[in-house]
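Subject: Structure handover

Hello,

Here is the structure I promised to pass on. Please open it alongside this message, and read my notes below as you look around.

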Amino acid sequence: PTALAILLAGPQVWVPSLTSATVSLVLLVALAVLTGTQAGRRRGAFFLLAVVPLLYLVSSGTYFVQWYSLLGEVPAFLLLGAATLLAARSVGSAKPLTNALAAGLCAGFAINSKLLALVGALAIGGLFAWQLLRTRSSGALLSGLVYTAGLLTPPIVFELYRYSVLGGEAYVEWLRGMRDFTNTYVPGPAGSAAVRMGNRIESLLDTTGLSAGLILLPVATINAWMARRESTDTVFVASVMCLVAGLTYVIWWLLMSNGWPRYAFIGIGLTVLAAAFALSCVKERRTAAMLVPLMLLAVFPWRSPSQSVEPIRYALANGFTENERVTSLRAVADFMNNGSGRSSVVMGTWWAPLAEIEYVSQRPRKTVGYNRLHTAGPDLPGTLLLISPKWDAMAGPEKDPEYLKMVEVCKTRALVAPPYELRRCVFAKVDQ
């Protein structure tokens with residue numbers, strides 16, 4: 001959807017986020033409709049009324065993510081939630097293979113949305129297999145194979161498309177870059193697992209404003225299971241699958257990931273969906289009314305309560321006006337799309353500002369890290385060094401002799417538009 005929107009509207013700064021928000025809203029409504037088909041329209045509406053404030057509270061305190069981010073975590077966990085509903089409906093239904101295929105496709109598209117969703121997709125697949133074996137379904141093996149085929153289809157098709165666009169050499173180069181990036185997910189040897197988990201929990205809570213009371217959300221979900229109505233077993237099973245998959249993902253994030261706080265949101269989102277599904281199963285309205293406040297209190301950003309209204313305050317104060325950063329990015333785009341900037345290669349220390357340059361360019365542009373300049377060719381004319389202090393600080397290039405050497409030969413300022421600065425490089429001064 002985002003690629004189509006960019007094709008139609010061009011590389012505008014509002015396209016990625018608007019597309020992501022639109023897809024997420026559509027998926028939320030689709031989940032409510034699916035819930036309503038199993039538990040009744042009123043329960044589907046109740047699911048929507050419960051899940052929206054819960055999702056808002058767990059995400060409202062999160063730091064602002066760069067404008068071009070597709071925020072794949074949100075569509076990913078919503079698609080995984082749809083996969084749990086369809087997988088649960090597949091067991092014992094009149095059309096088990098159709099539902100199993102749809103569940104697998106939802107999980108596959110979730111992986112396309114965010115590769116890290118693979119952890120949740122595998123957990124859901126394992127729970128689906130266990131559910132099939134527990135109920136002794138006659139077509140258990142075939143349903144499992146159909147789910148697996150659906151799961152693999154979207155990623156394989158996308159990789160074939162990527163290969164056709166990039167070509168063999170560029171695709172191999174991309175795989176190498178992906179390998180290097182994936183290696184950052186392997187936890188370092190320093191510190192025990194307990195220390196690593198503690199540090200990551202602290203980082204998550206500081207980043208989102210959430211408190212340790214978040215652990216009450218699964219507790220409230222389990223209490224809702226105990227009060228469920230028998231006529232909504234499918235939604236109950238989906239709630240169980242969401243909670244187990246969500247907790248599995250969180251454990252992976254704590255022990256095996258690189259600890260980036262935003263990456264935990266897939267697991268948190270799945271636990272929120274589990275809670276909302278559970279509420280739609282509750283038999284007594286009074287019980288549901290008691291559980292809703294408990295869930296809202298559990299996910300409230302107690303560490304920074306003001307953060308819960310910051311998105312609303314920001315929207316009211318700024319609306320859709322461009323901030324200084326977007327204005328500066330437009331200046332960079334004008335420079336890169338005209339004159340000598342049209343054929344320039346851009347170097348940088350961090351991938352984020354380089355991605356911004358690629359996005360706003362009207363033609364395909366070569367952007368490389370300063371430590372991988374050999375892939376661009378040091379003899380190319382018009383090469384520029386991109387300096388963005390905020391992002392550069394994350395990479396810490398000032399300790400790298402190679403970067404310091406680049407700064408020495410890239411002294412002429414071509415454009416200054418804070419927080420961006422472009423400098424021209426003269427590679428004749430670089431020792432080859």
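Glu173 and Arg176 are three residues apart in helix 8 (residues 168–182), so about one helical turn separates them. Their side chains meet in a salt bridge, at 3.9 Å from N to O. Glu173 is partly exposed, at 28% relative accessibility. Arg176 is partly exposed too, with a relative accessible area of 44%. Please keep in mind that this is a predicted model.

**The other salt bridges**

How many salt bridges does a search of the whole structure find? It finds eleven. Two more of them are described here.

Start with Lys114 and Glu73. Their closest N and O atoms are 3.3 Å apart. Lys114 lies in the loop between helix 5 (96–113) and helix 6 (117–134), while Glu73 belongs to helix 4 (residues 73–90), so the bridge ties together parts that are 41 residues apart in sequence. Are these two residues buried or exposed? Lys114 counts as buried, at 17% relative accessibility. Glu73 is buried as well, with a relative accessible area of 2%.

Next, look at Glu421 and Arg413. Their side chains form a salt bridge of 3.2 Å, N to O. The two ends differ in their surroundings: Glu421 counts as buried at 13% relative accessibility, whereas Arg413 counts as exposed at 55%.

There is also a network. Salt bridges with shared partners join Glu73, Lys114 and Arg262.

**Aromatic rings**

The whole structure holds nine aromatic pairs. In one of them, Phe158 and Tyr161 have ring centres 6.4 Å apart and planes at 45°, so the pair is tilted. Both residues sit in helix 7, three residues apart, which puts about one helical turn between them. Phe158 is partly exposed, at 37% relative accessibility. Tyr161 is exposed, at 52%.

Tyr163 and Tyr171 make another pair. Their ring centres lie 5.4 Å apart and their planes stand at 80°, so this pair is edge-to-face. Tyr163 is partly exposed, with a relative accessible area of 44%. Tyr171 is buried, at 14%.

Which residues form a cluster with these two tyrosines? Trp174 joins Tyr163 and Tyr171 in one aromatic cluster. Trp174 has a charged partner as well. The charged end of Arg162 sits over the Trp174 ring, 3.8 Å from the ring's centre.

**A nonpolar patch on the surface**

Leu97, Leu141, Leu142 and Leu145 make a nonpolar surface patch of about 400 Å². Which helix gives the most to the patch? Helix 7 (residues 140–166) does, with three residues. Leu145 is found in that helix.

**A buried proline**

Pro261 is worth finding on your screen. The residue is located in the loop between helix 11 (233–255) and helix 12 (265–281). Is Pro261 buried or exposed? Pro261 is buried, because its relative accessible area is 11%, and the cut-off for buried is under 20%.

What does Pro261 touch, once its neighbours within four places in sequence are left aside? Pro261 is in contact with Ser203, Leu204, Thr207 and Trp253. Look at Leu205 too. The C-alpha atoms of Pro261 and Leu205 are separated by 8.6 Å, and the two residues are 56 residues apart along the chain.

**The chain as a whole**

Now zoom out. The secondary structure of the chain comes to 18 helices and five strands. The chain has 432 residues, and buried residues make up 46% of them. Take the contacts with a separation of 6 or more: residues 24 or more positions apart account for 74% of these. The accessible surface of the chain comes to about 21,700 Å². Carbon and sulfur atoms hold 66% of that surface.

**Where to click**

Here is a short tour:

- Glu173 and Arg176, for the salt bridge in helix 8.
- Lys114, Glu73 and Arg262, for the salt-bridge network.
- Tyr163, Tyr171 and Trp174, for the aromatic cluster.
- Arg162, for the charged end over the ring of Trp174.
- Leu97, Leu141, Leu142 and Leu145, for the nonpolar surface patch.
- Pro261, for the buried residue in the loop between helix 11 and helix 12.

Over to you.

Best wishes

Definitions and conventions. Residues numbered from 1 in each chain as written. Predicted model: local features only at pLDDT ≥ 70, side-chain atom pairs only at ≥ 80, totals over all residues. Heavy atoms only, no water. Patch = residues over 30% accessible without salt bridge, like charges linked within 9 Å, V, L, I, M, F, W, Y side chains within 5 Å. Areas by Shrake-Rupley, 256 points an atom, 1.4 Å probe, with all protein chains shown as cover. Salt bridge = Lys/Arg side-chain N within 4 Å of Asp/Glu carboxyl O. Helix = DSSP H or I, 4+ residues; strand = E, 2+ residues; numbered from the N terminus. Buried < 20%, exposed > 50% of the residue type's maximum accessible area, 1.4 Å probe, protein only. Contact = heavy atoms within 4.5 Å. Phe/Tyr/Trp six-rings, centres within 6.5 Å; stacked < 30°, edge-to-face > 60°. Lys NZ or Arg CZ within 6 Å of the ring centre and 35° of its normal.
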